[in-house]
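Biologist: Hi! Could you walk me through this model in plain words?

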Amino acid sequence: MLVVLVLAAMAILAGVVVVAMGWGGELREFAPDVPPLNLPDAGQLGAADFMALQLPVSLVGYHTPSVDETLNRVMNALSERDTRIAVLEQRMTELLAGRLQARHEIYASPLESDRPDAPDVPDAPDVPDVPDAEQRR
């Protein structure tokens with residue numbers, strides 16, 4: 001009886017060694033047993049998409065690969081939005097700086113009548129002062 005137990009233990013040990021070294025073959029890849037996430041692309045994600053999202057549940061909680069995929073999509077969406085906001089803020093800053101520079105150039109330039117080559121423009125005729133309502137009484 002002892003010989004049978006020793007032979008069984010050696011067979012189990014040999015099987016473990018063969019599998020551990022990679023000679024035991026590969027397991028077949030199974031199709032996922034959870035439905036795919038119905039989330040739009042990163043550029044179109046909105047708050048309503050997350051409010052309607054129902055993550056699949058497994059025995060010990062949420063299905064980890066689905067949660068990871070959702071978090072990666074959220075990360076990509078937020079990254080794209082942050083980049084777009086930064087680009088738009090930079091463009092707005094450049095436009096405002098250009099507008100301020102143009103205003104500065106306009107107001108800093110001498111007036112037409114102060115230039116030596118400007119034609120003489122006659123002064124406006126004098127208009128008599130109109131008395132106020134209290135002075136008329």
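Modeller: Sure, we can go through a serine, a helix and a glycine.
Modeller: This is a predicted model, where local features need pLDDT of at least 70, side-chain atom pairs count only at pLDDT 80 or more, and totals for chains, interfaces and linings use all residues. Residues are numbered from 1 along each chain as its sequence is written, and side-chain values use heavy atoms, leaving out hydrogens and water.

Biologist: Okay! Where does S66 lie?
Modeller: S66 is in helix α3, residues 64-108. Helices here are DSSP runs of H or I with at least four residues, numbered from the N terminus.

Biologist: And is S66 buried or exposed?
Modeller: Buried, because its relative accessible area is 5% (buried means under 20%, exposed over 50%, partly exposed in between, with a 1.4 Å probe and protein chains only).

Biologist: Which residues does S66 touch?
Modeller: Leaving aside residues up to four places away in sequence, S66 touches V34, L37, L55 and P56 (contact means heavy atoms within 4.5 Å).

Biologist: New topic: how many residues of α1 are buried?
Modeller: The number is 0 of 19, so α1 lies largely in the open.

Biologist: What comes just after α1?
Modeller: There, G22 takes a positive phi of about 90°.

Biologist: Last one: where is G43 found?
Modeller: G43 sits in the loop between α1 and α2 (47-52). G43 counts as partly exposed because its relative accessibility is 49%. The C-alpha atoms of G43 and A77 are separated by 5.9 Å, with the two residues 34 apart along the chain.

Key
Helices (H or I, at least four residues) and strands (E, at least two) are DSSP runs, numbered from the N terminus.
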